[in-house]
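Colleague: I am new to this structure and would like a close look at a single part of it. Please choose where to begin, and then lead me from there to the surroundings in one connected account.

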Amino acid sequence: MQAEHPPLRGGGFIISPQNSGSIPKAKPLSPPRKKKAVKIKELIFPVLNDYCSYAESMTSLIISKLLSALIAACCAVVFFKYFTFGTIICVDGTYVATANSDKSFYSAYSAADTIAEQNGIYDFKPDFSLTPTLTLKSSIKNAQNVRDELLLTSPHFVRGCVLYSKNAPVFSAESKSVAREVVDDYIKTYSMNGTVSLGSDISFKECVISRDKVSDKKKCSDLLFQKDAIAVTSVVNKAIEKEIPFETKTQNDANLYIGETVTVTEGISGKSAVTEETVYYNGTQKSSRILTENVILPPVTKVVRVGTKEKEVLKTGVLYPLEGVISSPFGSRWGKMHEGLDIAVSEGTPVLAAECGTVSYVSENAGGYGKFIRIDHGYGVETAYAHLSKIEVSVGQKVNANTRIALSGNTGRSTGPHLHFEITQNDTPLDPVKYLKKR
Ligand SMILES: [Zn+2]
């Protein structure tokens, strides 16, 4: 019996001595039990492998189906986001618009027909046809647009622009740009080169209008100005130079006769720089005020010496031209200066000269004074007699204090029979009562 070599360890192979020098044949060292395990695996693994493959293929199929469904749903969402069903409207075979539906079209048609009748157009009978369609949502016109497009198939209607002021129509222009030009010209006319503000709410409404209601630019402008339809307020600030008038001060001078004056200092007007604000309403000045005023040159006050010395003739006094009741004294009356004395007497009372002198003026109709006489007493002193009924002297005639010169009356601007009597020195009226004495 041949002793067996102990098995060589290494790589799990037995190397036979007879086969040394050549490549040893490898023999598996697995025991028979191990060979049985391999067989079980070989039996089970293909089944498992088949099952996994099946599961994988089923998962892939489901995912694929789900993805397809998802894509289809997305496509549907996207599609119906942009596309819809509608109705194509044609008139006389020409495309007019796409409506939402037939119902929408008939509603618009009815509205168009009503507008046509309101404009006196009774032959609005468009020959239309309707075709269902699938179309972009953006191409669908609303009922008002469809109505307008239908109206525009008639030669009686055009596109235009109506100007409204305070919600009332002012004019209809051929376009918004023309309407705006008309309004801009109007505002410019009333701007007065100032700061403009509008007091009216205006709006431009682009719409379909009856052709015969559209006015040309000039007519639109005329309508706007005629109606003064827009309230334009313009505030103009202007820098101007303004004259400051000088004041006059008087000083009594006893060395000068009444009516005589001597200028001591000449008056000189001043100047100021003024900012003036003027408010215009549609071109008409409404108010004006001074915002700032700076004196550039102050004015110089005029100083005048005024005589107070009485003439000798008045120092001794003059006689009443007639006797009667004083009905209105010398002085301010009814806001005016009454430069004489009214003596109430019945018409036809003789009037005597108040002092000797020369008749310097006679008039049969001296305006409000009626029949009128003036007598010059020398030294600048004169007496006057008004509202007479008869004049009995002539110019140049010498008279004395007892000469009858006229008859009293009620001529000229007079409220009743009376004599209006004046005394003047150097044309300065004096209060007769101060100088009159009884005969
Ligand atoms: Zn009088």
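**The metal site and beyond**

Modeller: His338 is buried, since its relative accessible area is 5%, and the cut-off for that word is under 20%. Please keep in mind throughout that this is a predicted model. Asp342 is buried as well, with a relative accessible area of 6%. What do these two residues hold? Together with His420, His338 and Asp342 coordinate the zinc ion. The donor atoms are NE2 of His338, OD of Asp342 and ND1 of His420, and they lie at 1.9 to 2.3 Å from the metal. Read along the sequence, the donor residues follow the spacing H-x3-D-x77-H.

From the zinc site we can go on to a loop. Thr349 sits in the loop between strand 18 (341-344) and strand 19 (350-352), and its side chain reaches the backbone oxygen of Ser346 at 2.6 Å. Setting aside the neighbours within four places in sequence, Thr349 is in contact with Leu322, Ala406, Leu407 and Ser408.

Charged pairs come next, and the count of salt bridges comes to 11. One of them joins Lys390 to Glu392, where the closest N and O atoms are 3.9 Å apart, and these two residues belong with Arg404 to a network of salt bridges. Lys390 counts as partly exposed at 44% relative accessibility, and Glu392 is likewise partly exposed, with a relative accessible area of 26%. Another salt bridge brings together the side chains of Lys371 and Glu364, at 2.5 Å from N to O.

A further salt bridge, 2.7 Å from N to O, is formed by the side chains of Lys217 and Glu181. This pair links distant parts of the chain, with Lys217 in helix 5 (residues 217-227) and Glu181 in helix 4 (residues 176-191), 36 residues apart. Lys217 is partly exposed, its relative accessible area being 36%, and Glu181 counts as partly exposed at 36% relative accessibility.

Away from these charged pairs, there is a nonpolar patch on the surface, made of Val78, Phe79, Phe80, Tyr82, Phe83, Phe85, Leu134 and Leu136, with about 750 Å² of accessible area together. Helix 1 (32-82), strand 1 (83-91) and strand 3 (128-136) each supply at least two of its residues, and the largest share, 4 residues, comes from helix 1. Phe85, one of the patch residues, lies in strand 1. Phe85 counts as exposed at 55% relative accessibility, because the cut-off for exposed is over 50%.

Strand 1 also leads inward, to helix 3. The buried residues of helix 3 (residues 143-151) are Val146, Asp148, Glu149, Leu150 and Leu151. What covers these buried residues includes strand 1, along with strand 2 (94-99), helix 2 (102-118), strand 4 (157-165) and strand 7 (202-210). At the N-terminal end of helix 3, Asn142 acts as a cap, with a side-chain oxygen that lies 3.1 Å from the backbone nitrogen of Gln144.

To return to the starting point, the part to hold on to is the zinc ion with its donors His338, Asp342 and His420, among which His338 and Asp342 are buried.

Conventions:
Residues numbered from 1 in each chain as written. Predicted model: local features only at pLDDT ≥ 70, side-chain atom pairs only at ≥ 80, totals over all residues. Heavy atoms only, no water. Donors = N, O, S within 2.8 Å, 3.2 Å for Na, K, Ca; no water. Buried < 20%, exposed > 50% of the residue type's maximum accessible area, 1.4 Å probe, protein only. Patch = residues over 30% accessible without salt bridge, like charges linked within 9 Å, V, L, I, M, F, W, Y side chains within 5 Å. Areas by Shrake-Rupley, 256 points an atom, 1.4 Å probe, with all protein chains shown as cover. Salt bridge = Lys/Arg side-chain N within 4 Å of Asp/Glu carboxyl O. Contact = heavy atoms within 4.5 Å. Polar contact = N/O pair within 3.5 Å; in protein donor to acceptor, adjacent residues only side chain to side chain.
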